[in-house]
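Reader: I would like to learn how to read helix packing, sheets and empty space in a model. Can we take them in turn?

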Amino acid sequence: MPRRLHKQFFTVLTALFLCLISVGVLAAGAEIIILHTNDTHCGVTDNLGFAKVAQLKKDLRKEGGPVLLVDAGDAIQGAPIGKLSQGESIVKIMNAVGYDFVIPGNHEFDYGMEKFLQLAPKMKCGYYCANLIDIKTRKLVLPPYKIIAAGNKKLAFIGATTPQTLTSSTPKYFQDANGKFIYGFLEDNNGEKLYKALQEAVDNARKEGADHVFIVGHLGTNGALPKWSSGAIAANTYNVDAIIDGHSHEQYVPPHIVVNKADKDVLVVQAGTKLQAVGKLVIHEDGKLSSSLVTKLENADPKVEELVNNELKRFDKILNQPVGEVMVTLTSDDPATGKRRVRNGETNLGDLAADAYRFVLDTDIALVNGGSIRKSIKPGVFTYNDLLEAFPFVNMCTVVEATGQQIVDALEAGAVNYPEESGAFMHVSGLTYAIDASIPSGVVKDVKGNFVEVKGERRIKDVKVDGRPINLQKTYKVGGTSYILKDSGNGMVMFNGCNMLLDAVMTDVDAIMEYIQNHLNAKVKEGYENPYGTGRITAK
């Protein structure tokens with residue numbers, strides 16, 4: 001090579017090298033973005049949709065800085081695509097979206113522990129939880145945390161799943177054949193076991209060189225037991241930069257700050273449910289954090305979009321079967337505010353489900369926990385898919401003989417948080433009752449969240465069966481789901497030992513479908529016009 005060309009070659013090479021160095025330094029010192037989702041509940045095309053989330057991550061990465069995507073639980077359950085694929089389709093889609101860290105929420109276990117343990121290795125980034133233990137061995141079932149290199153920083157993400165999972169999922173999934181618990185979530189009376197485990201994980205991650213530590217928790221605020229809420233975790237730990245939260249379906253207005261054990265501010269973030277928003281947590285070059293919610297996205301990743309459509313098409317034939325016609329909106333929400341209502345108030349959809357259980361199962365009374373109702377049904381012809389979206393757990397229907405005392409105990413347990421939400425809040429048929437919110441709840445629970453007793457005055461009043469005061473000693477035929485009446489879901493152990501007249505005879509969705517088609521002639525209107533129901537539940 002001639003000397004002049006040789007010199008020019010090395011000049012260009014040097015310039016290119018310096019350019020690469022400057023780009024590398026920029027990437028290393030640039031802002032780090034953590035995108036976060038929670039409680040997506042199989043909402044693969046709802047609101048923003050997974051394809052747009054995938055494209056957002058790609059677009060932000062083009063700007064030069066590190067971008068990570070994490071999920072705070074309850075992703076694989078909540079819509080037909082999840083139930084019919086036993087979570088497999090959602091894991092496949094999340095892998096395509098490009099998640100870097102995920103944790104199990106309480107509903108990740110709704111297909112059983114055995115199925116979850118089969119699914120966990122299929123999630124490319126892995127599942128993490130610092131408080132899910134095998135009780136016999138006292139060892140963690142999943143890794144507690146993951147350290148990810150982002151530019152020139154190391155970020156640690158620690159998983160935490162609410163101990164309420166033992167009762168808010170199906171308790172028998174965590175038990176052996178004899179009903180003895182073989183899995184636990186470090187539940188106790190004051191939350192100290194969970195605080196200690198998370199602090200140990202934080203300390204270990206720091207020792208391994210983590211520059212920033214984040215707890216990704218399925219914990220929540222509204223409706224959560226205070227000792228296991230994200231606020232309690234923040235207040236009882238230290239050296240945590242932020243908590244990425246889930247479980248309560250809230251959108252925390254940034255900046256949502258909690259003071260930690262070392263009297264320092266901790267940022268707590270949550271992005272709602274069903275991809276209403278994607279959280280955006282930014283680590284700035286000076287180490288400070290900021291958060292925001294992304295609620296509008298235009299572009300979608302075409303490959304993820306195609307995958308989502310293909311997975312949905314697998315179940316089209318089953319899901320598109322017409323069930324009947326709804327003349328009014330059957331609602332899970334308060335039409336005046338748009339906020340969820342089924343966990344703290346009567347709705348016409350709750351009434352319909354309870355009526356379906358009572359008439360189809362031929363019982364005196366029917367009980368429906370509000371947490372089992374997930375979506376409204378719009379007016380018009382509706383399909384099996386619409387029913388499954390409203391009742392995605394596909395619980396089995398059961399009939400037991402229960403005393404009046406057991407029934408009022410269940411109502412009392414359901415109103416424990418009133419006027420705040422509870423998944424145990426009871427919709428009823430064949431029965432009416434009132435709640436006196438001026439009386440503090442006297443419900444006592446054990447460390448696993450199971451009902452023990454009521455101390456002091458009860459807040460449930462005027463309980464009537466078929467218009468007459470309930471007889472506490474009398475035995476009634478009660479219809480509902482196995483989740484409540486057999487498996488102690490939501491801590492409803494008061495029904496344990498009841499004589500079982502019908503055991504898992506049909507799914508809740510099939511019972512509702514039979515009621516609509518055979519009792520209402522496939523048209524839902526009369527008796528269900530009022531979105532707030534027929535006055536079966538009143539507040540004093």
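Reader: At what angle do helix α4 and helix α9 pack, and how far apart are their axes?

Author: A note first: this is a predicted model. Helix α4 (residues 88-97) and helix α9 (residues 302-313) pack at an angle of about 175 degrees. Their axes are 10 Å apart.

Reader: How are α4 and α9 oriented to each other, roughly parallel or roughly antiparallel?

Author: Look at the angle between the N-to-C directions. Angles over 145 degrees count as roughly antiparallel. With about 175 degrees, α4 and α9 are therefore roughly antiparallel to each other.

Reader: Which residues meet where α4 contacts α9?

Author: From α4 come Ser89, Lys92, Ile93, Ala96 and Val97. They meet Val304, Leu307, Val308 and Glu311 of α9. By class, this contact holds 6 nonpolar, 1 polar and 2 charged residues.

Reader: Now the sheet. What is the strand order in the open sheet of 5 strands?

Author: Read an open sheet from edge to edge. Here the order is β19-β16-β25-β18-β26, and the pairing is mixed. β19 (426-429) and β26 (499-502) stand at the edges. Each has a single partner strand, so one side of each is left without a neighbour in the sheet. From one strand to the next, the twist averages 30 degrees.

Reader: How many bridges join β16 to β19?

Author: Strand β16 (residues 365-369) is joined to β19 by 4 bridges, and the two run antiparallel. One register point helps: asparagine 369 has methionine 426 in β19 as its bridge partner.

Reader: Which strands does helix α11 lie across?

Author: Helix α11 (residues 348-361) lies across β16, β18 (397-403), β19, β25 (475-481) and β26. Its direction is at about 140 degrees to β16. Helix α13 (residues 404-414) also packs on the sheet, touching β16, β18, β19 and β25. The direction of α13 makes about 115 degrees with that of β18.

Reader: On to empty space. What does rolling a probe over the atoms show?

Author: Rolling a probe the size of a water molecule over the atoms shows where empty space is left. Start with the largest pocket, whose volume is about 1100 Å³. Its lining has 36 residues, and the closest to its centre are Thr273, Gln276, Asp333, Gly338 and Arg340. β17 (380-383) and α12 (384-390) are the elements that give two or more residues to this lining. The largest share, 3 residues, comes from β17.

Reader: How do the residues of that lining of the largest pocket divide by class?

Author: Into 5 nonpolar, 17 polar and 14 charged.

Reader: How much space lies in the second largest pocket?

Author: About 820 Å³. The second largest pocket is lined by 50 residues, with Thr167, Ser168, Ser169, Tyr483 and Asn490 closest to its centre. α6 (165-168) and α14 (482-485) each supply at least two residues of the lining. By class, that lining divides into 14 nonpolar, 24 polar and 12 charged.

Reader: Cavities next. How many of 30 Å³ or more are there?

Author: The count comes to 1. About 30 Å³ of space lies in the largest cavity.

Reader: Which residues line the largest cavity?

Author: His36, Tyr252, Pro254, Val269, Gln270, Ser291, Ser292 and Leu293. Strand β14 (residues 289-294) gives the largest share of the lining, 3 residues. The lining of the largest cavity has 4 nonpolar, 4 polar and no charged residues.

Note on methods. Residues numbered from 1 in each chain as written. Predicted model: local features only at pLDDT ≥ 70, side-chain atom pairs only at ≥ 80, totals over all residues. Heavy atoms only, no water. 1 Å grid on protein atoms, 1.4 Å probe; cavity = no way out; pocket = protein on both sides within 12 Å on 5 of 7 lines; lining within 4 Å. Points joined across faces, edges and corners; volume = space filled by probe spheres on them. Nonpolar A, V, L, I, M, F, W, Y, C, P; charged D, E, K, R; others polar. Axes fitted to C-alpha atoms, helices over the stretch in contact; angles between N-to-C directions. Parallel < 35°, antiparallel > 145°, perpendicular 65-115°, else oblique. Contact = heavy atoms within 4.5 Å. Pairing = 2+ DSSP bridges.
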